[in-house]
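Trainee: Could you take me through this structure step by step, explaining the terms as we go?

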Amino acid sequence: MSRIGKAPVSITKGVEVSLVDNVITVKGPKGELSQEMDSCISMKQEGEVLVFERSSDSTDDRAKHGLYRALVSNMIVGVTDGYKKELELVGVGFRAKTSGQQLELSLGFSHPIIIDLPKEIKVNAETQKGKNPIVTFESHDKQLIGQVASKVRSFRKPEPYKGKGVKYVGEYIRRKAGKAAAK
């Protein structure tokens with residue numbers, strides 16, 4: 001049996017969970033999220049705990065057992081605490097500026113990159129003298145915030161020789177020596 005799927009999900013105070021026609025909805029202080037569930041997985045609420053069970057022992061059902069349990073757990077954490085991703089722009093002249101739901105990035109191209117962000121995401125660009133600019137995303141939806149952060153990182157991934165590019169704060173970049181080390 002799936003170890004992740006077996007683990008019960010505890011519902012924190014102030015969170016409402018409902019299942020209607022295989023669509024699970026989680027409401028909390030930070031917002032509301034919904035996820036469609038496969039019919040092979042059933043959910044039962046036992047007091048302040050959610051328990052997930054699968055209909056058969058097939059490989060596909062076992063995979064979905066842990067998946068839906070993790071998705072619902074992430075939804076509950078998202079509507080109570082929220083999620084935060086931080087990106088660091090490493091490079092000379094790399095800048096970030098926000099105005100409302102738009103993020104403007106200068107990443108060494110001939111033109112700035114302007115991104116319209118979904119309304120569920122709060123963005124903040126912080127620049128301190130002598131330090132790399134940091135862009136912070138905050139949201140209650142873990143999937144959406146990860147997708148947006150990944151999209152921004154894809155514009156200029158960190159390269160291994162100088163380490164320039166857009167990287168997550170705390171991400172380790174494996175560095176290469178370059179051609180000077182060949183001698």
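Mentor: Let us begin with a definition: Ala, Val, Leu, Ile, Met, Phe, Trp, Tyr, Cys and Pro count as nonpolar, Asp, Glu, Lys and Arg as charged, and the others, Gly among them, as polar. This is a predicted model, in which local features need pLDDT of at least 70 and side-chain atom pairs count only at pLDDT 80 or more, while totals for chains, interfaces and linings use all residues. Residues are numbered from 1 along each chain as its sequence is written, and side-chain values use heavy atoms, leaving out hydrogens and water.

Trainee: How do the residues lining the second largest pocket divide into nonpolar, polar and charged?

Mentor: A pocket is found on a 1 Å grid over the protein atoms alone, as an open set of points with protein on both sides within 12 Å along at least five of seven lines, and lining residues have an atom within 4 Å of a point. Here the lining consists of K30, D81, G82, Y83, K119, E120, K122, E138, S139 and H140. By the classes above, they divide into one nonpolar, three polar and six charged.

Trainee: Which helices and strands each supply at least two residues to the lining of the largest pocket?

Mentor: Helices (H or I, at least four residues) and strands (E, at least two) are DSSP runs, numbered from the N terminus. The lining of the largest pocket is made up of L33, S34, Q35, L71, N74, M75, H140, D141, K142 and Q143. The elements that each supply at least two of these residues are β4, α2 and α3 (142-154).

Trainee: Why is one side of β2 and of β4 left without a neighbour in the sheet?

Mentor: Two strands pair if DSSP finds at least two bridges between them. Three strands form an open sheet with antiparallel pairing, in the order β2-β3-β4. One side of each is free because β2 (16-20) and β4 (31-36) stand at the edges, each with a single partner strand.

Trainee: What is the bridge partner of K27 in β4?

Mentor: Strand β3, residues 23-28, pairs with β4 in the antiparallel sense over six bridges. In β4, the partner of K27 is E32.

Trainee: Is R153 buried or exposed?

Mentor: R153 lies in helix α3, and it touches P158, V166, K167, Y168 and E171, not counting residues up to four places away in sequence (contact means heavy atoms within 4.5 Å). Buried means under 20% relative accessible area, exposed over 50%, and partly exposed in between, with a 1.4 Å probe and protein chains only. Since the relative accessible area of R153 is 18%, R153 is buried.

Technical notes: On a 1 Å grid over the protein atoms alone, a cavity is a set of points where a 1.4 Å probe fits but cannot get out, and a pocket is an open set with protein on both sides within 12 Å along at least five of seven lines; lining residues have an atom within 4 Å of a point.
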